[in-house]
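Q: I'm new to this one and would like a close look at its aromatic pairs. Could you walk me through one part slowly?

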Amino acid sequence: MFISVSSAETQPEPPLDPIGLFVARPQDGEVTVGECGNITFTAKVAGESLLKKPSVKWFKGKWMDLASKVGQHLQLHDSYDRNTKVYTFEMEIIEANMTFAGGYRCEVSTKDKFDSSSFNLTVNDFFKYSYSSTQILIPFCRGEGKSESQSDVDVWDILRKAPPTEYEKIAFQYGITDLRGMLKRLKRIKKEEKKSTAFLKKLDPAYQVDKGQKIKLMVEVANPDADVKWLKNGQEIQVSGRYIFESVGNKRILTINHCSLADDAAYECVVGDEKSFTELFVKEPPILITHPLEDQMVMVGERVEFECEVSEEGATVKWEKDGIELTREETFKYRFKKDGKKQYLIINESTKEDSGHYTVKTNGGVSVAELIVQEKKLEVYQSIADLTVKARDQAVFKCEVSDENVKGIWLKNGKEVIPDERIKISHIGRIHKLTIEDVTPEDEADYSFIPQGFAYNLSAKLQFLEPPKIHLDCLGQSPDTIVVVAGNKLRLDVPVSGDPTPTVIWQKVNKLLFESEGRVRVEMHEDHCVFIIEGAEKEDEGVYRVILKNPVGEDKADITVKVIDVPDPPEAPTISNIGEDYCTVHWQPPKYDGGQPVLGYILERKKKKSYRWMRLNFDLLKELTYEAKRMIEGVVYEMRIYAVNSIGMSRPSPASQPFMPIAPPSEPTHFTVEDVSDSTVSLKWRPPERIGAGGLDGYMLEYCKDGSTEWIPALPGLTERTSALIKDLVTGDKLYFRIKAVNLAGESGAATIKEPVTVQEILQRPKFWLPRHLRQTLVKKVGETVNIVIPFQGKPRPKITWLKDGQTLDSKDVGIRNSSTDTILFIRKAELHHSGAYEVTLQIENMSDKVAITIQIIDKPGPPQNIKLVDVWGFNAALEWTPPQDDGNAQILGYTVQKADKKTMEWYTVFDHYRRTNCIVSDLIMGNEYFFRVFSENLCGLSETAATTKNPAYIQKTGTTYKPPCYKEHDFSEAPKFTHPLVNRSVIAGYNTTLSCAVRGIPKPKIFWFKNKMDLSGDAKYRMFSKQGVLTLEIRKPSPFDGGIYTCKAVNECGEAEIECRLDVWWCTIIAFLTFYF
């Protein structure tokens, strides 16, 4: 059995999918194991729109590619139908088993498309508790029972469900011959099997095998030593070459080799009193006709032999003539012969009555052949001859045969000729004629005359001579016009006709054209001629004439060719109205529009030093002007233009002259009067906010008298400075002033002073503007430079006096330099004696102002004094010393203690930034002797020399007895005491600030901070630090509300101490205001 599954067989053709690739998708299929279970799945793909063959893959499940499984049970095929332009892909499954069941998928892909289709295969088990197969029914049905209807009907199921009264009717309907045998087997099937004690596994209810194949019947017995008997139709089977008995453990196997129809029987396996029953059905394959019969034509009395070949040797076939079976009773006339797979039907002496159709039939095929028996041979005296005629001439075909009674038919290209008014057929005696009047091109064909009853075919050809003809749609009207784009190939296809083939001549304006002219080529085909010009040019325009000539006549036609092209490039555009980031572009239309109207223009620009052009418009410009925007000021640009028509875009025009977008600067800012005297006015200003790419050439300063409209230049020409002194003015005049910035693009707007300025000296009260860092003590190291600049105001120029500690300064030691706006104190190399309080006084008539400045010059301190080794015990040594005599004019910040082994005298730091004047050095090495030294430290650093112990400290070795001296226990307790006070501070709001002081006390005191007597320990805005006795309070981003009295309190068990300071917090605007007025 072979099953082919495709959409065309299972359902109507689906509508074409405009997106998908499949024309027909593979459909679900079903096959049964053992029934020669072959099945084919078909997919069809439309190839009309594909450039090459699509790629197709078949999958089982999700990922198993079946291309790697091709072999005995799987074949893949593909084909292509050139008529329908459809690719067919097939997957053939051969002898399917239960493992083949499941889901399959077909994927097809091309260069830019993909499609897939899923389908399922169902595989049915033939033997397992199933009797629905029609093959099992074959022994019970008549020969006609192998109809198509039975393959779709389960007779076992019908009998199982039907009442007994319906059995006879069902047997008659389905052609069952052994109804009683089927009912017995059906009854046996219905019985419930009892649990067997002898068999572990019995035979299956039924087995099926192909004729000539081998089959094994197997049971499993409970006793491995048990003997079994095998019965066939109740008779015991004896061991032979075809029957083999096997015993393997509990298994007993009967093997039947080369099964034949005689082995189709009931089999039993007997163990003691128990039996296991089964039936074996031997399926005989159909006999096929591998080589069919062939038609034959003989004369009366000749021998006839029909031959065919079948698929099996010695097969029985059935011969028929015109539907009537030929039997052995007619042996005297028909003889049947078998030779292996070949079958023969022989007729020794044929007669006229033996003519007809002969058929050979098998149970698997039919072949038919025709036998024609002629009485005698027919002689042809004159055959028909080929004719060549012109239009509207007469054509006559004539032939003569030996028998005047023989009739025949005339054929034209294999079809019978029907006579009419123009075509005449005549038969006079032995002569047969076919006459055709007014011959036309349609009459050109192959003509044949066939005598009836004879295997003759007299044929000839009619050739029609046709005058040349040019077939153009506009022939006889105005000349045909062909439009071609310049540069493209010009191809003129002119349909022509004429027999014999006419000669073609091409001309242009009475000039012959030859193929040797390079770009020109003429091709001649059967039904048309082609005139080709490669790369059409403007010069190819004109009227072309084609002339056809053959012996029958002449024809000609004119064709007008028009060549169109892109426009010529416009002339270079012009630029005007240049601004800060814009300009206006003008251009003229191109001189030649390419034969098509200009649709618009495209404008491009680029930076002069660049090679990249940027398109400015995406929609075509219809006008001849355009305002270009969004340019960068100060960059040099160029413009060019394209003209566009329906053919395309012209070449670019020449670039415009380079240009630079620039704009005048903005007006100067902060234009104010700096000073006024009886004849001069001093002005100052700041540069414009926007200068632009044109730069700044200078400033033009003008003034105008109050009540006048005439502006007078205050300076000759332009000035590049941002201040000016205007001289030679009239005292008492009221003047207005204005200033303009000037560059390449012109003048900016004017910055003016709104109120008139009176030319008159102004008395100004003296006032110092003391810098912030000079309001506190100025600390410098010895040798550094001191440079103090104090600005002031006052008019007329004030008198300045410097004092130190109430005494006049020595000009040799300290430098003083005064100007009209500030005074400077300069010390080249500071010394300690330069420390002190300095006072500077500003005096104008009876008005004065003074400020005080404190300068502190510091140096490195001297070494500590009176260092001594107090005690040595264990691994420790105790040291004491006194502060240095010279503190370098700065507070001692601490001490550095070092030790050195007497053997190496290499010094190592023990304590750094140590604040006390005594210490204990630990972790000394036993048996060594140590020297100790101490450096003092202030803001300038460590002292240059150190105080060193005179005698070394010896660390005794283990084993020696040390008796420590008995000292009276010293009480180190000490009440808290602030060693560095809090300092009053003024800070700016918004900047973090700190308050610092230092305290000592034993035991370590507990620290509390207060603001206006309020405890600050729980406020997140304040952070408190304590490191080696230095206390710090950090205030995060203070505001004016954080100003007040801050108190630091230290408490231990010996007492308490507190210190306070004042903190002022100012806004920047308030400070500037106070500074200005005070």
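A: Here is a walk through some aromatic rings, followed by a stop at one threonine.

First, some ground rules: this is a predicted model, where local features need pLDDT of at least 70, side-chain atom pairs count only at pLDDT 80 or more, and totals for chains, interfaces and linings use all residues. Residues are numbered from 1 along each chain as its sequence is written, and side-chain values use heavy atoms, with hydrogens and water left out.

The structure holds 20 aromatic pairs. Rings of Phe, Tyr and Trp (its six-membered ring) pair if their centres lie within 6.5 Å; planes under 30 degrees apart count as stacked, over 60 as edge-to-face and the rest as tilted. Take tryptophan 506 and phenylalanine 531: their ring centres are 4.7 Å apart and their planes meet at 20 degrees, so this pair is stacked. Tryptophan 506 belongs to strand 40 (residues 503-508) and phenylalanine 531 to strand 43 (residues 528-533), so the pair ties together parts 25 residues apart in sequence. Strands here are DSSP runs of E, at least two residues, numbered from the N terminus.

Are these rings buried or exposed? Tryptophan 506 is buried, at 3% relative accessible area, and phenylalanine 531 is buried too, at 0%. (Buried means under 20% relative accessible area, exposed over 50%, partly exposed in between, with a 1.4 Å probe and protein chains only.)

Phenylalanine 531 also pairs with tyrosine 544, and that pair is tilted: 5.4 Å centre to centre, with 50 degrees between the planes. Tyrosine 544 lies in strand 44 (residues 542-550) and phenylalanine 531 in strand 43, so this pair ties together parts 13 residues apart in sequence. Tyrosine 544 counts as buried as well, at 2% relative accessibility.

Elsewhere, Phe41, Trp58, Tyr104 and Phe119 form one aromatic cluster. Rings can have charges over them too: the charged end of arginine 933 sits over the ring of tryptophan 907, 4.3 Å from its centre. That label needs NZ of Lys or CZ of Arg within 6 Å of the ring centre and within 35 degrees of the ring normal.

Arginine 933 leads us to threonine 896, which touches Arg933 and others, including Phe911 and Phe935, leaving aside residues up to four places away in sequence. Touching, or contact, means heavy atoms within 4.5 Å. Threonine 896 sits in strand 72 (residues 894-901) and counts as buried, at 4% relative accessibility.

Conventions:
Helices (H or I, at least four residues) and strands (E, at least two) are DSSP runs, numbered from the N terminus.
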